[in-house]
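Visitor: I'm new here and would like to learn how to read a structure like this one. Could you walk me through it?

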Amino acid sequence: EEEEEEEESSSGNKKDRLRKVVSVNLRQHEGVASDYPYCITPRQITVPQWGSATVHVSFTPLTLSEMVSKTECVGFALGFMSLDSKMACGVPGKLARAQGFELEPLRLDLHACVNPALLTVEMEEEDGVVVFRAIAGDLIPKEPHKTVAQESLSTRSLQLKNHTETPLYFRLLVPPPFSVLSPAPQSGPRSSPHDRNEARLLLLRPQQNMQVRVAFHSSLSLLTYQRQAEEQLPAVVQLLHTDAGERRLQFFQHLTVEYSNETAQLIPLCAQLSVPTLQLSCHSLDFGTCYVGQTHVREVILSNRGGSNSYWTALMEASESCCAFSVSPGSGVLEARGHPVSTSRAALQISFTASADVEYSSTATVHGMLGEQPVALAVRGRGSYDEKYESSLSAV
């Protein structure tokens, strides 16, 4: 009996030593704890019995790495309830549970959308591309025709409107041969580095608009593209040919609206530069056999099939035979195609005078001041002392 009593007392002591001291409640982890882009304050509150409390939820928009139409931000907040207060647990007729760990946490779903900072662009074109139309002939003044200007400007205007609810800071960037003429970035004293950086940006407040003038710069350097092979042209340059024989240089670029959050909006630009296109009514001319000392004249038509005036010069190549041939007039102006035919065409008088009983040949080349493709006329003839050719003069 004494042994049984000792065993009972020892088992009782073990139960006292194994008495529950700590309770652990495990719950499956949900989501990723973060204070961005949502933040809730205060993090811990006391809600009175049958009362209420206020929490503040803030949302900080994300910085978008690329221009997208809309970005959704979905999250949730969990509120874990506890009744650690002994006084709260013992209020008669009120809450009677000791703890709230076994309850599901209070869940607050959070949802927000981030729309990129976009300006509304209004222009005359309906396809969303700002189109410039320039003429190479504008580089040469009407009088005199001997000089070429460094550049000629073609300008277009467009409207930028801010339909958002926040002020937008941005800069306008465009590569050559385009440029932004207006507006210029605002200036003024700024206190902080952030303010000084914004001073170099343009500001468009909500529900306001801004007029932007963009220019296309025509120059002789651009006209060199018309004589290059298509595979050698830059990706932003194309040489267009029409069924009527007109040639145009087409340039593509983008006006970039770069916002202060490093996102960008692209506005397509397209410029078509009309260039002159010279054409001869024939490519060779044979005077046949002519009596020595007599002058024979043939006529060749030089025409301009391009959309720009052509300022041309005709030269006979330097050779032993060049003295036998001449071309008149030696220079002139052909207006663009679309004007009266008489002003876009000219008659070249090719003369041949043999000085000996030999064969003559040469080439007359017509060059333009605007880099147009030259056109050549091969001429040939033979001199003879035979008087039978003298009578043929009146028939030539």
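Guide: Happy to. A word to start with: two strands count as paired if DSSP finds at least two bridges between them. Keep in mind, too, that this is a predicted model.

Visitor: How many bridges join β15 and β17, and in which sense do they pair?

Guide: In general, strands of a sheet pair through backbone hydrogen bonds, either parallel or antiparallel. Here, β15 and β17 have three bridges and run antiparallel. One residue to look at is Q279, whose bridge partner in β17 is S303.

Visitor: Which sheet do these strands belong to, and what is its order?

Guide: Look for an open sheet of four strands, ordered β15-β17-β21-β19 with antiparallel pairing. Its edges are β15 (278–280) and β19 (325–328), each pairing on one side only. On average, neighbouring strands in this sheet are turned by 30 degrees against each other, ignoring direction.

Visitor: Back to S303: buried or exposed?

Guide: The cut-off for buried is under 20% relative accessible area. S303 has 13% relative accessibility, so this residue counts as buried. Leaving out residues up to four places away in sequence, S303 touches T277, L278, Q279, L334, S344 and R345.

Visitor: And where does V257 sit?

Guide: V257 lies in strand β13, which covers residues 247–259. V257 is buried because its relative accessibility is 1%. Beyond four places in sequence, its contacts include L119, F170 and I267.

Visitor: How far apart are V257 and L118 in sequence and in space?

Guide: They are 139 residues apart in sequence, with 9.0 Å between their C-alpha atoms.

Definitions and conventions: Residues are numbered from 1 along each chain as its sequence is written. This is a predicted model: local features need pLDDT of at least 70, side-chain atom pairs count only at pLDDT 80 or more; totals for chains, interfaces and linings use all residues. Side-chain values use heavy atoms; hydrogens and water are left out. Helices (H or I, at least four residues) and strands (E, at least two) are DSSP runs, numbered from the N terminus. Buried means under 20% relative accessible area, exposed over 50%, partly exposed in between (1.4 Å probe, protein chains only). Contact means heavy atoms within 4.5 Å. Axes are lines fitted to C-alpha atoms, for helices over the stretch in contact, and angles run from 0 to 180 degrees between N-to-C directions.
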